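These are my notebook entries on a single structure. I record below what I looked up and what I found.

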Amino acid sequence: MKVEIGARVEKEYGQIVKDEISEIEGVEYVFYATGRSNDLFDDKQFGSYGEASIITVIADQACKDDVFEQLFTLCELHTKKSGVVYMSNPIARSTV
């Protein structure tokens, strides 16, 4: 089974995470998009909005803890405390 692991963090982390996380065995897919947010970040480049990356990782359930920890570490959330990382329940696949 697969899980979705995601993050909403400052913009600069999107490409860094994509490059690093995609190298972990068991990671099937890494995607990020950028946008603006007015709720998570102190640094607001556009008036009341700051730039953010929304990161999505699809990974095997067996490596979920390693991926989650790497994502948390790469985004420097242990020191900056500016963002959020989350993980879904296992994703059931269906074939038609």
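Before the first entry I fix a term: a residue is partly exposed when its relative accessible area lies between the limits for buried, under 20%, and exposed, over 50%. I also note that the model is predicted.

**Entry 1. Aromatic rings**

I looked up Tyr 29 and found a relative accessible area of 42%, so I entered Tyr 29 as partly exposed. Phe 31 has 41% relative accessibility and is likewise entered as partly exposed. I then searched for aromatic pairs, and the structure holds 1. The pair consists of Tyr 29 and Phe 31: the ring centres are 6.4 Å apart and the planes stand at 10°, so I recorded the pair as stacked. The limit that decides this is an angle under 30 degrees between the planes.

**Entry 2. Nonpolar core**

I next asked which residues have the most contacts inside the largest nonpolar core. They are Val 17, Ile 21, Val 27, Val 57, Val 67 and Leu 71, in a core of 20 residues. Two or more residues each come from strand E1 (2-10), helix H1 (13-21), strand E2 (27-37), E3 and H2. The most comes from E1, which gives 4 residues.

**Entry 3. Helix H1**

I listed the buried residues of H1 as Tyr 13, Gly 14, Val 17 and Ile 21. Why do they lie on the same side of H1? I found that their arc around the axis is only 100°, which places them on the same side of this helix. I then looked up what covers the buried residues of H1, and the cover includes E1, E2, E3, H2 and H3. For Val 17 I listed the contacts beyond four places in sequence: Ser 22, Ile 55, Leu 71, Leu 74 and Cys 75.

**Entry 4. Leu 71**

I located Leu 71 in helix H2, residues 64-74. Its relative accessible area is 0%, so I entered Leu 71 as buried. With residues up to four places away left out, Leu 71 touches Ile 5, Gly 6, Ala 7, Val 17, Ile 21, Ile 55 and Val 85. For one of these partners, Val 85, I looked up the separation: 14 residues in sequence, and 7.6 Å from C-alpha to C-alpha.

**Entry 5. Ser 53**

Is Ser 53 buried or exposed? I found a relative accessible area of 0%, so Ser 53 is buried. I placed Ser 53 in strand E3, which covers residues 50-60. The side chain of Ser 53 reaches the backbone oxygen of Lys 11 at 2.9 Å. Beyond four places in sequence, the contacts of Ser 53 include Ala 7, Val 9, Lys 11, Gly 14 and Tyr 32.

**Entry 6. Cysteines**

I searched for disulfides and found 0 in the structure. Cys 63 has 12% relative accessibility and therefore counts as buried. Cys 75, with a relative accessible area of 1%, is also buried.

**Entry 7. Glu 76**

I looked up where Glu 76 lies, and its place is the loop between H2 and helix H3 (77-80). Its relative accessibility is 33%, so I entered Glu 76 as partly exposed. The phi of Glu 76 is near 55°, a positive value in a residue other than glycine. I noted this angle because most residues other than glycine have a negative phi.

Definitions and conventions: Residues are numbered from 1 along each chain as its sequence is written. This is a predicted model: local features need pLDDT of at least 70, side-chain atom pairs count only at pLDDT 80 or more; totals for chains, interfaces and linings use all residues. Side-chain values use heavy atoms; hydrogens and water are left out. Buried means under 20% relative accessible area, exposed over 50%, partly exposed in between (1.4 Å probe, protein chains only). A polar contact is a pair of N or O atoms within 3.5 Å; within protein, one must be able to donate a hydrogen and the other to accept it, and residues adjacent in sequence count only if both atoms are side-chain atoms. Contact means heavy atoms within 4.5 Å. A disulfide is a pair of cysteine sulfur atoms within 2.5 Å. Rings of Phe, Tyr and Trp (its six-membered ring) pair if their centres lie within 6.5 Å; planes under 30 degrees apart count as stacked, over 60 as edge-to-face and the rest as tilted. A nonpolar core is a set of buried Ala, Val, Leu, Ile, Met, Phe, Trp, Tyr and Cys residues joined through side-chain atoms within 4.5 Å. The arc is that of the directions from the helix axis to the C-beta atoms.
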